[in-house]
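Dear colleague,

I am passing on the structure we spoke about, and would be grateful if you could look through it with the notes that follow.

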Amino acid sequence: REIKLVEVRSELAAGTRGASMGIDALKVASLDKKSSFFTQFEPINVPDANNYLWRDNEFPNAKHIDGVYQVLNNVFNTVELLRLDGKFPIVLAGDHSTAAGTIMGIKAAHPEKRLGVIWIDAHADLHTPYTTPSGNMHGMPLAMVSRIDNLDSKLNEPSEKTIDYWNRIKSIGGDFPKISPKDIVFISVRDTEEPENYLIEKYGIKNFETKEVREKGVSKIAEEALQHLKSCDQIYISFDVDSIDSNISKGTGTPVENGLTVDEAISLNAELIKDKRVCCWEIVEVNPTLDSENAMAEIAFDVLETTTNSLVENF
Ligand code: ARG
Ligand code: MN
Ligand code: MN
Ligand code: MN
């Protein structure tokens, strides 16, 4: 297997500006740590559509959805080609909406393979324009790929144009669900809203809470998470840096308390990626404009480097 670095300077879908600089912050962190990590890879740059940020936003329930659609379509195309070529994409992205494009690309390359998702995050990211409290689309990627609108929990009346774009996004890579909600495993999800709780309960989505990670230890949690996805043929891991506790993770748009320690995040990802079914890993939501001394990116870089090394050692 060969690793390909995919860089997506996305931030349209975040509520706070600056996440598109997260990738460059990771590069600065690698220099500070005198690591040769970024010299090893020829990166693929995915166009970001961030020019949409400076236009009037006409979509309060799905902010900048026209631009987000373009970014996801770009990520989808890139990841599909890499997977068709047998490459292992490591995706460095800004906001977490891009994970939907990644999943769509993985699925399009191998539609016959059942795809499981390990989602390490403070958030469930299961909202839709109908249920979102914020209109920020980084809270929606898992609904995009499982194609669940959750009208049972409807709170908003999105405009026709919003719904039109929403349907187009859900159809990137084909008019069918890319994953089943049952094939999602959450780790450290702890800040959800009622419409998301409804779905978690309805589909019995597994969540390993921070407390359980600490009590059982990382290797046991990794083992159980992978066991939960035993019927899946391939696995995608999404690492949102806000899974790490807010005392440590200041440089991210939506920090939440009671999160993972840095050591837990590092060993968890290094452990999970050893499973041969894992075919793609993504890291998101570093926002250096909210930080001092580039602290979040330094931590995120350690996770990135350790995870990649673990992958290479277990190829
Ligand atoms: N659930 C909240 C919302 O929809 C927060 C989502 C945060 N998502 C993220 N990828 N950081 O606004
Ligand atoms: Mn997230
Ligand atoms: Mn999050
Ligand atoms: Mn909340």
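In this predicted model, a polar side-chain atom of T254 comes to 3.0 Å from a nitrogen atom of ligand 1, and a polar side-chain atom of E193 lies 2.9 Å from a nitrogen atom of that ligand. E285 also contributes a contact of this kind, with a polar side-chain atom 3.4 Å from a nitrogen atom of ligand 1. Taken on its own, ligand 1 has 350 Å² of accessible area, and the protein covers 94% of that area. Ligand 1 sits in the largest pocket, where 13 residues surround it, the closest being D125, S134, H138, E193 and T254. By character, the shell around ligand 1 is made up of seven polar residues, five charged ones and one nonpolar one.

Two of the residues closest to ligand 1, D125 and E193, turn up again at the metals, D125 as a donor to the manganese ion (ligand 2) and E193 as a donor to the manganese ion (ligand 4).

The manganese ion (ligand 2) is held by H96 through ND1 and by D121, D125 and D240 through OD atoms, at 2.1 to 2.2 Å; along the chain these donors follow the spacing H-x24-D-x3-D-x114-D. At a separation of 3.1 Å from this ion lies the manganese ion (ligand 3), and D121 coordinates both.

For the manganese ion (ligand 3), the protein donors are OD of D121, ND1 of H123, OD of D240 and, listed twice, OD of D242, at distances of 2.1 to 2.4 Å. The sequence spacing of the donor residues at this ion reads D-x1-H-x116-D-x1-D. D240, which is also listed among the donors of the manganese ion (ligand 2), has a relative accessibility of 2% and therefore counts as buried, the limit being under 20%. D242 is likewise buried, because its relative accessible area is 1%.

What are the protein donors of the manganese ion (ligand 4)? They are D191, through OD, and E193, through OE, and they lie 2.5 to 2.7 Å from the ion. D191 has a relative accessibility of 30%, so it counts as partly exposed, and E193, at 28%, falls into that class as well. E193 thus appears both as a donor to this ion and in a polar contact with ligand 1, which may be a useful place to begin when you open the model.

With best regards

How values were computed. Residues numbered from 1 in each chain as written. Chains lettered and ligands numbered in written order. Predicted model: local features only at pLDDT ≥ 70, side-chain atom pairs only at ≥ 80, totals over all residues. Heavy atoms only, no water. Donors = N, O, S within 2.8 Å, 3.2 Å for Na, K, Ca; no water. Buried < 20%, exposed > 50% of the residue type's maximum accessible area, 1.4 Å probe, protein only. Near = heavy atom within 4 Å. Polar contact = N/O pair within 3.5 Å; in protein donor to acceptor, adjacent residues only side chain to side chain. Areas by Shrake-Rupley, 256 points an atom, 1.4 Å probe, with all protein chains shown as cover. 1 Å grid on protein atoms, 1.4 Å probe; cavity = no way out; pocket = protein on both sides within 12 Å on 5 of 7 lines; lining within 4 Å. Sits in = over half its atoms within 2 Å of the grid points. Nonpolar A, V, L, I, M, F, W, Y, C, P; charged D, E, K, R; others polar.
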